[in-house]
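Let's take a stroll through this model, going from strand pairing to helix packing and then to what sits inside. Have the viewer open and rotate as you read.

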Amino acid sequence: MSGRKIVVALGGNAILSKDASAAAQQQALLDTARYLVEFIKQGDHLIIAHGNGPQVGNLLLQQAAGSTEANPAMPLDTAVAMTQGSIGYWMQNALSQVLAENGMNVDVATVVTQVEVAPDDPAFTNPSKPIGPFYSKDEVTKLRAEHPDQTFVEDAGRGYRRVVPSPKPIGVNESNVVNKLVDADIIPVAVGGGGVPVVRDGNRFVGREAVIDKDFASEKLAELVGADLLIILTAVDNIYVNFNKPDQKQLTNVTVKELKDYIKQDQFAKGSMLPKVEAAIKFVEQRPDAKAVVTSLQNVGQFLSEGSGTIITAAPVPTK
């Protein structure tokens with residue numbers, strides 16, 4: 001198989017902005033597909049991963065509002081699977097349309113992916129993963145009274161969100177399926193929303209009420225399928241240190257060691273950039289000959305033509 005094997009992890013802004021309607025999200029994914037097709041044009045083999053925080057939170061709200069004894073709301077692991085299917089369906093449609101517009105006959109398939117986690121992961125007693133919409137302080141006070149079993153925290157100064165357990169992935173059950181699709185020149189959409197969190201129980205897997213961070217799930221999948229490149233797409237073109245300060249610095253080529261030093265300095269926000277940086281570090285540590293990239297969807301063209309973005313490597317990149 002020629003061409004690079006690339007796992008692309010889409011940020012939430014690639015799917016949902018302010019309008020949560022199906023039509024708006026489908027349009028957002030169509031716009032996203034027009035960027036992603038550039039990889040296919042140059043012969044790369046894509047594996048697409050995506051988040052689902054807003055979607056699964058909204059689905060849980062819809063289910064809670066309509067829940068009855070005869071028609072109860074589904075548990076969180078099932079809601080994750082449901083949003084994997086719906087977003088995958090939209091992504092398949094969008095990418096298939098753009099591929100056809102470019103005269104490329106390439107199939108796209110969604111894999112409802114189970115991601116194994118440890119049953120004793122400390123995350124189960126320390127909910128931290130934001131899901132659903134943002135709430136004001138007054139709204140969250142009311143919600144806490146109505147749902148004392150749920151946890152709400154402030155999220156990066158943008159308001160309050162519900163948080164749920166976010167265990168670390170230790171395996172991706174369908175990684176072999178994903179690789180077989182890639183070998184058959186099919187573009188897989190996998191580990192959507194971080195995958196359905198499951199724990200091993202003898203010969204079966206049991207779903208858990210949690211949401212796995214999509215960056216960590218994407219890293220684990222990239223590691224297991226032997227990807228050459230992990231691209232984590234977010235809202236900014238580069239990672240910064242001293243972000244939004246007069247002496248902020250844009251990172252272009254950076255090593256794992258340098259990033260670890262910046263983490264010790266608390267340079268990256270826990271709710272946003274830190275998990276992306278940690279996932280990039282883990283991937284490069286597991287595959288030292290590979291690279292990780294953190295950039296924006298809108299910067300994909302510049303990355304492909306000029307190597308623009310933050311590129312993470314095990315060793316320093318030689319200067320020309």
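Start with one pair of residues: V153 stands opposite R161 in β7. Before going further, a word on provenance: this is a predicted model, so local features need pLDDT of at least 70 and side-chain atom pairs count only at pLDDT 80 or more, while totals for chains, interfaces and linings use all residues. Residues are numbered from 1 along each chain as its sequence is written, and side-chain values use heavy atoms, with hydrogens and water left out.

**Two sheets**

Helices and strands here are DSSP runs numbered from the N terminus (H or I over at least four residues for helices, E over at least two for strands). Two strands pair if DSSP finds at least two bridges between them. Strand β7 (residues 160-164) and β6 are joined by four bridges in the antiparallel sense. They belong to an open sheet of three strands, ordered β5-β7-β6 and paired antiparallel. Its edges are β5 (129-135) and β6 (151-154), each of which pairs on one side only. Ignoring direction, neighbouring strands in this sheet are turned by 35° against each other on average.

Two helices lie across these strands, where contact means heavy atoms within 4.5 Å. Helix α2 (residues 53-66) lies across β5 and β7, at about 70° to β5. Helix α4 (residues 137-146) spans β5, β6 and β7, running at about 120° to β5. For such angles, axes are lines fitted to C-alpha atoms (for helices, over the stretch in contact), and values run from 0 to 180 degrees between N-to-C directions.

The other sheet is open too, with four strands in the order β8-β4-β10-β11 and mixed pairing. β8 (169-172) and β11 are at the edges with a single partner strand each, so one side of each has no neighbour in the sheet. From one strand to the next, the twist averages 45°. Strands β10 (residues 196-201) and β11 (residues 204-207) run antiparallel and share four bridges. Within that pairing, V198 has G207 as its bridge partner, and R200 stands opposite F205.

**Positive phi values**

Most residues other than glycine have a negative phi. Here are three residues with positive values, a glycine included.

| Residue | Phi | Where |
|---|---|---|
| D185 | about 60° | loop between α5 (175-183) and β9 (187-189) |
| N242 | near 55° | loop between β13 (239-241) and β14 (249-251) |
| G202 | near 65° | hairpin of β10 and β11, two residues between the strands |

How accessible is D185? D185 is partly exposed, at 48% relative accessible area. On that scale, buried means under 20%, exposed over 50% and partly exposed in between, using a 1.4 Å probe and protein chains only.

**Helices against helices**

The axes of α2 and helix α3 (residues 76-101) come within 9 Å and cross at roughly 120°. That makes α2 oblique to α3: under 35 degrees counts as roughly parallel, over 145 as roughly antiparallel, 65 to 115 as roughly perpendicular, and the rest as oblique. The contact involves Q55, V56, L59, L60 and Q63 of α2, plus L76, A79, V80, M82, T83 and I87 of α3.

α5 and α6 pack at about 65°, with axes 10 Å apart. Their contact uses S175, V178 and N179 from α5, and L221, L224 and V225 from α6. This crossing is right-handed, meaning that the near helix is turned clockwise from the far one by less than a right angle (anticlockwise would be left-handed).

**Inside**

A nonpolar core is a set of buried Ala, Val, Leu, Ile, Met, Phe, Trp, Tyr and Cys residues joined through side-chain atoms within 4.5 Å. The largest one has 45 residues, and L221, L259, F268, F283 and I312 have the most contacts inside it. Helix α8 (residues 273-286) supplies the largest share, eight residues. Apart from this core lies another of 33 residues, including V37, A94, I187 and V300.

Leaving out residues up to four places away in sequence, L259 touches L251, V254, F268, V277, I281 and I312.

D215, in helix α6 (residues 214-225), counts as buried at 2% relative accessibility. With residues up to four places away again not counted, D215 touches A9, I232, P275, K276 and A279.
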